[in-house]
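Let's take a walk through this protein together, going from the overall fold down to a few details. Have a look at the model first, then read on.

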Amino acid sequence: MRITILFGGSNKERLVSVASAQSLYAHLPEADLWFWDADDTVHEASGQALAAHAKPFEQPFKADGQSLGGLAAALDRARDEDRVLVLGLHGGRAENGELQVMCEMRGVPYTGSDSTSSHLAFDKVAAKRFAMLGGVSAAEGIALDDAEAALATYSKLIAKPVKDGSSYGLMFVNGKQDLVAVRKAAATEDYLIEPFIAGVEATCAVLEQADGSLLALPPIEIVPADGAFDYFAKYLAKGTQEICPGRFPPNIMDAIKREAIQAHRALSCGGYSRSDFIVSANGPVYLETNTLPGLTAASLYPKALKAQGIAFVDFLNLQIALAERRGGK
């Protein structure tokens, strides 16, 4: 099958997607490059243009190849040309299951989780509910109408979009004035509000093996540059530390790995995933699961692969093989 890296997208994480595509293409130089632009059209792109894009986290990418039409037309072509899609995409329609179901209806194989699990994991409220049913520890959500009372009880809350990456829109609620900003944001998109849990941020990648078994990679300890692991801290701040393996005691490392696998299974993820936690005084507390985690050269998932001793190109070839198998190719 013809390997095609699909990147870009119409959501706020399209800049990260370009950086992921750069990393993917460096290890899959034989692949074709298709750029999903913000206007929903897909364009061919050259490796030269992608490699020359020096500031992917700050500046939009412009494809230099011919248009393939809208996304549906591009996926029709992928079907007709027997392509397998390596998804260098994050967030929005790329991660909420819409792209996946469009591929499934056409029989186009793609890397990552299927449409149902992608849709479930993208909804933080539903994902947390399913993860808890799967045995994972998580904090109870707080209704917006109850936020003021909860603030009095817990002294500090955290709010984030229900159906978007936490890199964007993350807010700390330290006083009533912060609730005004949360209510304003919640007027345009759903927000999840939780008690603020003191602790160390951690993330754990899960990898599906060729035989279907699951491997939890070494958990990563995250020390944000200025307290919040948002877009700036993840991709632009110099002071953020991502320590892999994390400096947690062995029992905590084991607990994080166990709960990451439980979350992966509870959400029926496929191929690979990455779950985020706060390590509190009482152990890890689940935050969310990413079905298309970042694959940039500086991203957390590649760091975990390296710590496990797995070459990034071997990971990609495994994901392509799994995609082809699931697609019956």
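Before we start, one term: two strands count as paired if DSSP finds at least two bridges between them. Keep in mind, too, that what you're looking at is a predicted model.

**Strands side by side**

Let's put that term to work on strand 11, which covers residues 220-223. Strand 9 (residues 200-208) is joined to strand 11 by 3 bridges, and the two run antiparallel. Turn to strand 12 (residues 241-243) and you'll find 3 bridges again, linking strand 12 to strand 11 in an antiparallel way.

Now zoom in on I222. Which residue stands opposite I222 of strand 11? That's E201. I222 also has a bridge partner in strand 12, namely E242.

Here's a handy thing to know when you look at strands: in a regular strand, side chains alternate between the two faces of the sheet.

| Strand pair | Bridges | Direction |
|---|---|---|
| Strand 9 and strand 11 | 3 bridges | antiparallel |
| Strand 11 and strand 12 | 3 bridges | antiparallel |

**A helix that packs on them**

Next up is helix 12, spanning residues 300-308. Its buried residues are L300, Y301, P302, A304 and L305. What do these buried residues pack against? Strands 9, 11 and 12 are on the list, together with strand 13 (272-280) and helix 13. Just after helix 12 comes G309, with a positive phi near 85°.

**A little hole inside**

The structure holds 1 cavity of 30 Å³ or more. The volume of the largest cavity is about 40 Å³. Around it sit V86, T111, Y272, L295, F315, L316 and Q319. Helix 13 (residues 312-326) supplies the largest share of that lining, with 3 residues. Sorted by class, the lining has 5 nonpolar and 2 polar residues, and no charged ones.

**Zooming out**

So how does the whole chain look? Its secondary structure adds up to 13 helices and 14 strands. The C-alpha atoms fill a box of roughly 60 × 40 × 40 Å along the principal axes. A compact globule of 329 residues would have a radius of gyration near 20 Å, and this chain has 19 Å, so the value agrees with that picture.

Of the 329 residues, 56% are buried. And among contacts with a separation of 6 or more, 67% come from residues 24 or more positions apart.

Note on methods:
Residues are numbered from 1 along each chain as its sequence is written. This is a predicted model: local features need pLDDT of at least 70, side-chain atom pairs count only at pLDDT 80 or more; totals for chains, interfaces and linings use all residues. Side-chain values use heavy atoms; hydrogens and water are left out. Helices (H or I, at least four residues) and strands (E, at least two) are DSSP runs, numbered from the N terminus. On a 1 Å grid over the protein atoms alone, a cavity is a set of points where a 1.4 Å probe fits but cannot get out, and a pocket is an open set with protein on both sides within 12 Å along at least five of seven lines; lining residues have an atom within 4 Å of a point. Grid points are joined across faces, edges and corners, and a volume is the space filled by probe spheres set on the points. Ala, Val, Leu, Ile, Met, Phe, Trp, Tyr, Cys and Pro count as nonpolar, Asp, Glu, Lys and Arg as charged, and the others, Gly among them, as polar. The radius of gyration is taken over C-alpha atoms; the globule rule is 2.2 Å times the number of residues to the power 0.38. Buried means under 20% relative accessible area, exposed over 50%, partly exposed in between (1.4 Å probe, protein chains only). Contact means heavy atoms within 4.5 Å.
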